[in-house]
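Student: Could we go through this structure together? I would like to learn how the names for its parts are justified.

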Amino acid sequence: MDHKSAPEIPTGDRGVWENHFRLSGVNAGKRSYETIKVKRLSPALGGEISGVDLRKPLGNQTFQEIHDALVDNQVIFFRDQDLSYDQHKQFGRRFGSLHVHPVIPGPEGHPEILMLHSDEKVQYSASAWHSDVSFEQMPNLGAILLAKIMPETGGDTEFASMHAAYEGLSDKMQKFLCGLEAEHASEHVFGRPKNENDPRPKSVHPVIRTHPVSGRQGIFVNSVFTTKIIGMKPKESAAVLEFLYRHVETPEFHVRFKWETNSIAFWDNRSTQHRAIADYFPQTRSMQRITINGDDAPAYRPG
Ligand SMILES: [Fe+2]
């Protein structure tokens with residue numbers, strides 16, 4: 001068909017065209033680097049980094065470039081990084097202090113390492129969209145996940161850009177959300193505490209969070225830990241949160257990572273959400289993770 005003869009779209013019937021998002025992150029992925037290569041994987045987020053061996057201590061320039069790539073791409077990926085526990089921790093410590101899980105012990109002598117293992121007997125999968133431990137006062141800055149044993153197919157992880165999701169909203173909706181705060185809790189996920197040494201933290205955070213490094217705004221509510229919007233009637237809060245959770249599911253805001261043995265995903269919890277695809281049971285999938293402590297409470301700063 002001759003495109004010149006395509007009919008005009010009647011005013012008032014333009015909904016389908018308005019679904020084309022303008023993603024300002026596209027250019028953010030094009031910074032120039034001297035010591036690493038960064039290949040952007042989707043318009044909204046995700047950069048695959050090559051040219052660096054993470055088994056060796058990083059020079060300052062390389063560290064700074066990886067740091068910048070993380071902020072710009074929101075999640076970065078590496079291939080063929082066969083790291084020992086010590087090398088994994090050494091890499092993570094460049095970005096901040098490491099989190100020690102209060103309940104799940106790490107391998108002997110390495111309490112900072114969290115093993116995530118699934119096989120035919122144990123089925124572990126965080127398959128709902130979330131930002132890690134958002135119920136804490138200072139949620140994690142990010143996590144570095146290394147694949148050790150992967151299923152032949154399946155077990156991908158999806159990441160969503162909360163910057164792209166925010167920028168995909170109308171001005172009016174952005175303004176409405178910027179004044180709001182939400183409660184994030186853990187008891188409804190982990191069950192009632194067993195004793196007084198078994199805490200179930202709860203926190204209130206702004207619904208729109210300003211990234212402390214880039215200054216970009218992002219949505220900071222998630223379907224696993226957020227329980228309500230403060231000051232709203234239950235029906236109002238549920239409707240707004242449900243809208244945001246459906247909005248975050250928009251494929252244009254996503255990148256999907258296919259793991260190989262010794263692949264790494266390093267995500268920024270301040271600007272992304274993620275979910276694991278639970279399609280590989282009863283195959284074995286075994287990962288080791290380092291989590292970097294957050295260094296400030298989520299905040300909203302007007303642009
Ligand atoms: Fe997670």
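**Strands, sheets and a helix**

Tutor: Happily! Keep in mind that this is a predicted model. In it, I76 has F266 as its bridge partner in β13.

Student: How do you know that β3 and β13 pair?

Tutor: Pairing needs at least two bridges between two strands. Strand β3 (residues 75-78) and strand β13 (residues 264-268) share four bridges, in the antiparallel sense, so they pair by that rule.

Student: Which sheet holds them, and in what order do its strands lie?

Tutor: An open sheet of seven strands, ordered β1-β2-β3-β13-β5-β15-β4, with mixed pairing.

Student: What makes β1 and β4 edge strands?

Tutor: Each of them, β1 (37-40) and β4 (114-118), pairs on one side only. Across this sheet, neighbouring strands are turned by 25° against each other on average, ignoring direction.

Student: Where does helix α4 lie?

Tutor: Helix α4 (residues 85-93) lies across β5 (142-149) and β15 (285-292), and runs at about 35° to β15.

Student: How do you know that β6 and β12 pair?

Tutor: Use the rule again: at least two bridges are needed. Four bridges join β6 (residues 157-161) to β12, and the two run antiparallel, so they count as a pair. Within this pairing, T157 stands opposite F257 in β12.

Student: What sheet do they belong to?

Tutor: An open sheet of three strands in the order β12-β6-β14, with antiparallel pairing. Its edge strands are β12 (254-257) and β14 (272-276), each pairing on one side only. From one strand to the next, the twist averages 20°.

Note on methods: Residues numbered from 1 in each chain as written. Predicted model: local features only at pLDDT ≥ 70, side-chain atom pairs only at ≥ 80, totals over all residues. Axes fitted to C-alpha atoms, helices over the stretch in contact; angles between N-to-C directions. Contact = placed C-beta atoms within 7 Å.
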